[in-house]
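Here's a quick briefing on the fold, to read alongside the coordinates. Have a viewer open if you can, and follow the bullets by residue number.

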Amino acid sequence: MTREVWLKADDEVGDWDARRRRITAGLEAGVDWVVVDEADVGRVRELGEVNVAAFSADGDSTLVDDADESGVDRIEDAEGDDDEEGGDAIDVEPADAYLVGKGGEGDGTVSLPPDLSGSADLSTVRRGAADGSYVEIRGQEYEAFAEAAADAGEYTIVVGEDWTIIPLENLIARIGDETTLVAGVTTAEEARTAFETLELGADAVLLDSDDPDVVRETVAERDATEREQLDLTWAEVTSIEQTGSADRVCVDTASLMDDDEGMLVGSMSRGLVFVHAETAESPYVASRPFRVNAGAVHAYVRTPDGGTKYLSELGSGDEVQLVDVDGGTREAVVGRAKIERRPMFRVELERDGDRFETLLQNAETIKVQTREGRTAVTDLEPGDELLVYYEDTARHFGEAVDERIIEK
C-alpha cells in the first residue's frame, strides 16, 4: 500500500500569505496533495507540482448540479470574480479532485438527514459532481455517514476535534478498499498512529499544521511506512585473496549517508555483502559520506523495489537502496557512477553450507561490517563474520525467480 500526506491549506488556515507559506513548506517537504478552496487551485499550480484537491465553492450540492467530470462547468461562474483580498481577478483552474462536506453536512453546517438517502453531500458524490467527502466525526451518526461517503466516493477525509483511535479503527475495519481513507492529524506522531492502526492503517493523512518541521516529520513517517526492513545475517569469511585489477564502481549518491549506512553488493545475488559508505575519516583521503566503493562492474546492488541491478548499469538519476546495519532501508538517487581500474580482493563467504563471494577494491578505505564492527577489507581474515543479506533464490534480470541457476 502506498501511503500519502495531504496538507490542509484552505481559508481556515488564514489569509493567502499564511496559506502560501504552508503550501510552500509542503512542496519543499514532498507532500502528495494540497487541500484548498476552489479559488486557490490556480495559485497552488503556480507554486509547484503537486496534486490539488479542492473544496467545492459551496457545500450545498444544488450549486454544483451542472458540473461535468472535469470540474470545468463547476468553476466557470467563478472566473473573473475578485479575489478575497480585493485584488485582481483570479482564473479558477480545475483541481485533480473535488470534495464536498465543507459548509455542508460533512462539517455539521447542514444537519444530517434522518435517512442518508436524502443526503445532499452524498448525492453530489454519487452523481460524479465531486470525487470525495470531508467528514468531521462528531458522533456515531457521523461514523455511519463517513461509511456511506466511502462507499460513494474515491476519497474520504475523516477528522475529529476530540479524536480517539476507536472511530478510525471502526472505519478502517468497515471500509476496506472502497475508498482512499484520509485521517486528519496535527502532528507526525498522530500520523504514525494513523498509518499503523489495526496494522492496515489509513491510506493517507490530512495534516493541519503551520510548522515546517512537523510537515517534514510527517512526510518522513510516510516514507518510513514504505521502506523495507531487511533481515540481515552473518556469513563466515572462508577465503580472501588478491586478484588482478578490475573495473571498479564507486556509487556517488545525491544523499549523505550516516556512519551505519551503506549498500548491499555481491557477485551472487543470493548473498549480498554490506559495504559501508565512506563516512569515516582517513589519513589517506577525506571522508565522502555520499559514496560507496561498491565493487566490480559485474556485481549486483540492491534497489528500493527489492530487485537488483548490475553496478555497470547504474547512472545518474537511478535509485539504489541504502541500508543500515540494523536492516533499515531508504532510497537514494545516484548522482554518478564512477568506474576506474583498480586492484581487487576476492572475498569468499559461507552461510549454512552455501558459498558465495564478491570482489572489493584492495584499499584501506573500503569497510565492511564484522562482528567487531566496521572493518577495512584489507584487515579481513578467514574466520571473520561479515554482515550480509541472504536469500535462497535466484534472479533473472534483477527479479527473484523460482529457477535453478548456478553461480560460481
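Of the contacts in the protein chain with a separation of 6 or more, 64% are between residues 24 or more positions apart. Keep in mind that this is a predicted model. The chain has 408 residues, and 51% of them are buried. Its secondary structure comes to eight helices and 22 strands.

**Nonpolar cores**

- The largest nonpolar core holds 43 residues. Ile23, Val31, Val34, Val36, Leu171, Leu181 and Val205 are the ones with the most contacts inside it.
- Which helix gives the most to this core? That's α5 (residues 140-152), with six residues.
- Another core, of 34 residues, lies apart from that one, and its members include Val237, Ala294, Leu311 and Val377.
- For a look at one of the well-connected residues, try valine 34: leaving aside neighbours within four places in sequence, valine 34 is in contact with Leu7, Ala9, Ile23, Val50, Asn51, Val52 and Ala53.
- As background, nonpolar side chains in soluble globular proteins tend to be buried together.

**Helix α8 and its partners**

- Helix α7 (residues 188-196) and helix α8 (residues 212-226) have axes that come within 8 Å and cross at roughly 25 degrees. Angles under 35 degrees count as roughly parallel, so α7 and α8 are roughly parallel to each other.
- The crossing of α7 past α8 is right-handed. On the α7 side, the contact is made by Ala188, Ala191, Arg192 and Phe195; α8 brings Val214, Glu217, Thr218, Glu221, Arg222 and Thr225.
- Sorted by class, that α7 with α8 contact has four nonpolar, two polar and four charged residues.
- Helix α1 (residues 16-29) also meets α8: their axes come within 9 Å and cross at roughly 35 degrees. Here too α1 passes α8 in a right-handed crossing.
- Ala25, Gly26 and Ala29 of α1 make this contact with Pro212, Val215, Arg216 and Val219 of α8. The split for α1 with α8 is five nonpolar, one polar and one charged.

**Two buried spots**

- Tyrosine 134 sits in strand β5 (residues 132-136). Buried or exposed? The relative accessible area of tyrosine 134 is 6%, under the 20% cut-off, so this residue is buried.
- Not counting residues up to four places away in sequence, tyrosine 134 touches Phe55, Val100, Gly101, Lys102, Gly106, Asp107, Ile157, Val159 and Leu206. For one of these, valine 159, the C-alpha to C-alpha distance to tyrosine 134 is 7.9 Å, with their positions 25 residues apart in sequence.
- Glycine 153 is in the loop between α5 and β6 (155-159). At 8% relative accessibility, glycine 153 counts as buried too.
- Glycine 153 touches Val125, Asp131, Glu178 and Thr179, again not counting residues up to four places away. The C-alpha atoms of glycine 153 and aspartate 131 are separated by 5.5 Å, though the two are 22 residues apart along the chain.

**Partly exposed threonines**

- Threonine 238 is found in strand β9 (residues 233-253). Its relative accessible area is 25%, which puts threonine 238 in the partly exposed class.
- Threonine 238 and glycine 383 are 145 residues apart in sequence but 6.3 Å apart in space, C-alpha to C-alpha. Beyond neighbours within four places, threonine 238 is in contact with Glu348, Leu349, Glu350, Arg355 and Pro382.
- Threonine 365 is in the loop between β17 and β18 (367-370). With 22% relative accessibility, threonine 365 counts as partly exposed.
- Setting aside neighbours within four places, threonine 365 is in contact with Glu278, Ser282 and Val285. From threonine 365 to asparagine 293 the C-alpha to C-alpha distance is 8.6 Å, and the pair are 72 residues apart in sequence.

**A backbone detail to check**

- Which residue other than glycine has a positive phi near 50 degrees? That's aspartate 352.
- Most residues other than glycine have a negative phi.
- Aspartate 352 is in the loop between β16 (329-351) and β17 (354-361). With a relative accessible area of 69%, aspartate 352 is exposed.

How values were computed. Residues numbered from 1 in each chain as written. Predicted model: local features only at pLDDT ≥ 70, side-chain atom pairs only at ≥ 80, totals over all residues. Heavy atoms only, no water. Axes fitted to C-alpha atoms, helices over the stretch in contact; angles between N-to-C directions. Helix = DSSP H or I, 4+ residues; strand = E, 2+ residues; numbered from the N terminus. Parallel < 35°, antiparallel > 145°, perpendicular 65-115°, else oblique. Left-handed = near helix turned anticlockwise from the far one by under 90°. Contact = heavy atoms within 4.5 Å. Nonpolar A, V, L, I, M, F, W, Y, C, P; charged D, E, K, R; others polar. Core = buried A, V, L, I, M, F, W, Y, C linked by side-chain atoms within 4.5 Å. Buried < 20%, exposed > 50% of the residue type's maximum accessible area, 1.4 Å probe, protein only.
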